[in-house]
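Notebook open, coffee poured. I want to see how this chain is put together, and I'll jot things down as I look them up.

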Amino acid sequence: MPLLASPVLAQEVELFSGAKLSLIGLRVGNSPVYLGQRDRGFDLRPVVALRWGRVRISNSGGSSLLSERGTGGASTDLLDDDDWRLTVGLRFDRGRNVSGIERLRELPDVRTTIRGRVGLTWHQTDTRDWTLAVNPDLLGRGGGLLLQLSMSQRLPEWEQALPMGGQWTALVSLAAADRRYQRSYFGVPAGLTTFQAYEPGAGLRSLTVGLTWQREFGRHWVGFGGGSLSHLLGPAADAPFIERNLDLGLNAGLAYRF
């Protein structure tokens, strides 16, 4: 069963030929400048969600603010019943460009690509979901294959106990990757002056725990925020440019639902 019932929305804004804008907002985040780095930075991103027939298109958690289970990018459900959900989708992967980070400037870029996503979700209870997702690089640009097992647990008791109210959800995710992914994002080619060469193999990438919050303010406005701790594992943790294995990410924002 769904973790949340979909809210009743006002008239969505039609953009083109059946595509309707459902939500727009802004999100500010604070996180390490790259995986495993001590230096941190802020980023400001738009939050957008729209529908195009049976397809959901969103970024930066836009679908979750509509009480949907859609992931970033474009996705649609092939199956959705009381026990199981099968989702397929596409998303834009920005790859990597760290030339602006002094200590990482010699690391090669990872080209932008399109990733596919196939996710199978088991609705264990009304408040708990388990999802297994496979995310391949469809264009063969060095992005490799990423595998994720995640659990989301809604915390209704927090909604009543905490003074700010809203909806709270706990998240746990374990990620693993194939050799190509690990070498692209955590490998170091020979000949660099900053780091010794490193060729990781397939294995675990990270374990992440997180907490998210969102609250409606009237019919249209919704505030949201969250934090996550990600611990690098396996070949990723052994990369020579990693300064620390534990990364903290924070974000908050405000969005308008049509």
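**Strand pairing**

I started with strand 12 and strand 13 (residues 246-257), which pair in the antiparallel sense over 11 bridges. Worth writing down before I go on: this is a predicted model. Within that pairing I looked up Leu229 and found it opposite Leu248 in strand 13.

Next I went to the other partner of strand 12. Strand 12 (residues 221-232) is joined to strand 11 by 12 bridges, and these two run antiparallel as well. Which residue is the bridge partner of Trp213 in strand 12? I checked, and Gly225 is the one.

Then I looked at the turn. The hairpin of strand 11 and strand 12 has three residues between the strands. Gly218 takes a positive phi there, near 80°.

**The loop before strand 11**

I stepped back along the chain to Gly191. This glycine lies in the loop between helix 2 (179-186) and strand 11 (203-217). Buried or exposed, I wondered about Gly191? The relative accessible area is 74%, so Gly191 counts as exposed, the cut-off being over 50%. I also pulled a distance: the C-alpha atoms of Gly191 and Arg51 are separated by 48 Å, with their positions 140 residues apart along the chain.

**Nonpolar cores**

On to the inside. How many residues does the largest nonpolar core have? I got 21, and those with the most contacts inside it are Tyr34, Leu104, Leu107, Phe186 and Phe241. Strand 10 (167-177), helix 2 and helix 3 (234-237) each supply at least two residues of this core. Helix 2 gives the largest share, three residues.

I picked Tyr34 for a closer look. Leaving aside neighbours within four places in sequence, Tyr34 is in contact with Arg96, Val98, Ile101, Leu104, Tyr185 and Phe241. Two of the names on that list, Leu104 and Phe241, I had already noted among the core residues with the most contacts.

There is also a second, separate core of eight residues, which includes Val47, Ala49, Leu65 and Leu66.

**Salt bridges**

Last job: charged pairs. I count 11 salt bridges in the structure, and I looked at a few of them.

The side chains of Arg85 and Asp77 meet at 2.9 Å, N to O. Are these partners buried or exposed? Arg85 has a relative accessible area of 5%, under the 20% cut-off, so I put it down as buried. Asp77 comes out at 14%, so it goes down as buried too.

Glu102 forms a salt bridge with Arg105, with the closest N and O atoms 3.0 Å apart. At 57% relative accessibility Glu102 is exposed, while Arg105 is partly exposed at 42%.

The third pair I opened was Glu159 and Arg154, whose side chains meet in a salt bridge at 2.9 Å, N to O. Glu159 is buried, with a relative accessible area of 17%. Arg154 has 19%, which is still under 20%, so Arg154 is buried as well.

One more entry before I close the book: Arg27, Asp43 and Arg45 are joined into one network by salt bridges that share partners.

Terms used. Residues numbered from 1 in each chain as written. Predicted model: local features only at pLDDT ≥ 70, side-chain atom pairs only at ≥ 80, totals over all residues. Heavy atoms only, no water. Helix = DSSP H or I, 4+ residues; strand = E, 2+ residues; numbered from the N terminus. Buried < 20%, exposed > 50% of the residue type's maximum accessible area, 1.4 Å probe, protein only. Salt bridge = Lys/Arg side-chain N within 4 Å of Asp/Glu carboxyl O. Pairing = 2+ DSSP bridges. Core = buried A, V, L, I, M, F, W, Y, C linked by side-chain atoms within 4.5 Å. Contact = heavy atoms within 4.5 Å.
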